[in-house]
Amino acid sequence: MVFSSTAGAGDWGRFFLRGLPGDSAVGSPAAPATQSARQPDIQIFYDHDFGRLVLGGRVALEGEHRAARSDHPDDLGELRLRAGYDLGPSLGYLSFGREQREIDGMSARETVIGLGLTYSLNQALRLSGEYLRDTGRTGSSGGAGSEDRFSIRAAFEF
């Protein structure tokens, strides 16, 4: 289920709500499930266009695929704020936030900083690239470190 509200190129205000229901693995008491199950996903994006300045954020609770017999599902929670500058057909932005992951019973909290660019090809098609750096890894998984990520997205809006 997806709800979206956007306007044309150069207008960067948007609201996006995405929800995917979870499913359960197939099995019986005599034959335990061996297929994977999925936890529900919920994501909310919001950007408000103040003219040249664009402020927004993202909240996400994502359930990952997991083996049906696993005692510890992988979870990801994220809160990210972003500030951008309207360059006409492009939007350059900085993002800052926190992520929390839980894998096999061990949790890790990370501070995320990033730099991104979105380019609007027309009123319906936008291309985005974002560099993220996870820093300040803390939690029961032990150790500190950093991780770099780069993502490329294409969005068709109707």
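**Exercise 1. F16 and its ring partner**

Task: Decide whether F16 is buried, partly exposed or exposed, then find out how its ring is arranged relative to the ring of F45.

Solution. Start with the accessibility of F16 in this predicted model. Its relative accessible area is 21%. Buried would require a value under 20%, so F16 counts as partly exposed.

Next, look for aromatic pairs. A search of the whole structure turns up one. The ring centres of F16 and F45 are 5.3 Å apart, and the ring planes meet at 65°. An angle over 60 degrees counts as edge-to-face, so that is the label for this pair.

Now place the two rings on the chain. F16 belongs to strand β2 and F45 to strand β4, and 29 residues separate them, so the pair links distant parts of the chain. To finish, check the partner: F45 has 13% relative accessibility and therefore counts as buried.

**Exercise 2. The overall layout**

Task: Work out how many helices and strands the protein chain has, and what share of its residues counts as buried.

Solution. Begin with the secondary structure: the chain has zero helices and 11 strands. Reading from the N terminus, the order of elements is β-β-β-β-β-β-β-β-β-β-β. Then turn to burial: 30% of the 158 residues count as buried.

**Exercise 3. A nonpolar patch on the surface**

Task: Identify which residues form the nonpolar patch on the surface, and which element gives the most to it.

Solution. First collect the members: F15, I42, I44, Y46, V59, L61, L79 and L81. Together they have about 740 Å² of accessible area. Next, sort them by element. Two or more residues come from each of β4 (41–49), β5 (53–63) and β7 (75–86). Of the elements, β4 gives the most, with three residues.

F15 makes a good check. This residue sits in strand β2 (residues 14–20). Patch members need over 30% relative accessible area. F15 has 36%, and is partly exposed.

**Exercise 4. Salt bridges between strands**

Task: For the salt bridges D41 with R18 and E99 with R149, find which strands are tied together and how accessible each residue is.

Solution. Keep the total in mind as you go: the structure holds 10 salt bridges.

- Step 1: D41 and R18 meet through their side chains, with an N to O distance of 3.9 Å. The cut-off is 4 Å, so the pair qualifies.
- Step 2: D41 is in strand β4 and R18 in strand β2, so the bridge ties together parts 23 residues apart in sequence.
- Step 3: D41 is buried at 4% relative accessible area, whereas R18 is partly exposed at 21%.
- Step 4: In the bridge between E99 and R149, the closest N and O atoms are 2.9 Å apart. E99 lies in strand β8 (residues 90–103) and R149 in strand β11 (residues 147–156), so parts 50 residues apart in sequence are tied together.
- Step 5: E99 is buried, at 2% relative accessible area, while R149 is partly exposed at 27%.

**Exercise 5. From one bridge to a network**

Task: Start from the salt bridge between E130 and R153 and find which residues are joined with them into one network.

Solution. Take the starting bridge first: the closest N and O atoms of E130 and R153 are 3.7 Å apart. E130 is in strand β10 (residues 125–139) and R153 in strand β11, so this bridge ties together parts 23 residues apart in sequence. E130 is buried at 5% relative accessible area, and R153 is partly exposed at 36%. Following shared partners, salt bridges join R58, E78, R80, E130 and R153 into one network.

Now pick out E78 from that network. This residue is found in strand β7 and is buried, with 7% relative accessible area. The side chains of E78 and R80 are also joined by a polar contact of 2.4 Å.

**Exercise 6. A charge over a ring, and a close pair of backbones**

Task: Find where the charged end of R82 sits, and how far apart E110 and D134 are in space.

Solution. For R82, the charged end sits over the ring of Y93, 4.1 Å from the ring centre. For the second part, locate E110 in strand β9 (residues 106–120). E110 is buried, at 4% relative accessible area. E110 and D134 are 24 residues apart in sequence, and their C-alpha atoms are 5.9 Å apart in space.

Note on methods
Residues are numbered from 1 along each chain as its sequence is written. This is a predicted model: local features need pLDDT of at least 70, side-chain atom pairs count only at pLDDT 80 or more; totals for chains, interfaces and linings use all residues. Side-chain values use heavy atoms; hydrogens and water are left out. Patches are made of residues with over 30% relative accessible area and no salt bridge: like charges are joined within 9 Å, nonpolar side chains (Val, Leu, Ile, Met, Phe, Trp, Tyr) within 5 Å. Accessible areas come from the Shrake-Rupley method with a 1.4 Å probe; for residues, only the protein chains shown count as cover. Helices (H or I, at least four residues) and strands (E, at least two) are DSSP runs, numbered from the N terminus. Buried means under 20% relative accessible area, exposed over 50%, partly exposed in between (1.4 Å probe, protein chains only). Rings of Phe, Tyr and Trp (its six-membered ring) pair if their centres lie within 6.5 Å; planes under 30 degrees apart count as stacked, over 60 as edge-to-face and the rest as tilted. A charge sits over a ring if NZ of Lys or CZ of Arg is within 6 Å of the ring centre and within 35 degrees of the ring normal. A polar contact is a pair of N or O atoms within 3.5 Å; within protein, one must be able to donate a hydrogen and the other to accept it, and residues adjacent in sequence count only if both atoms are side-chain atoms.
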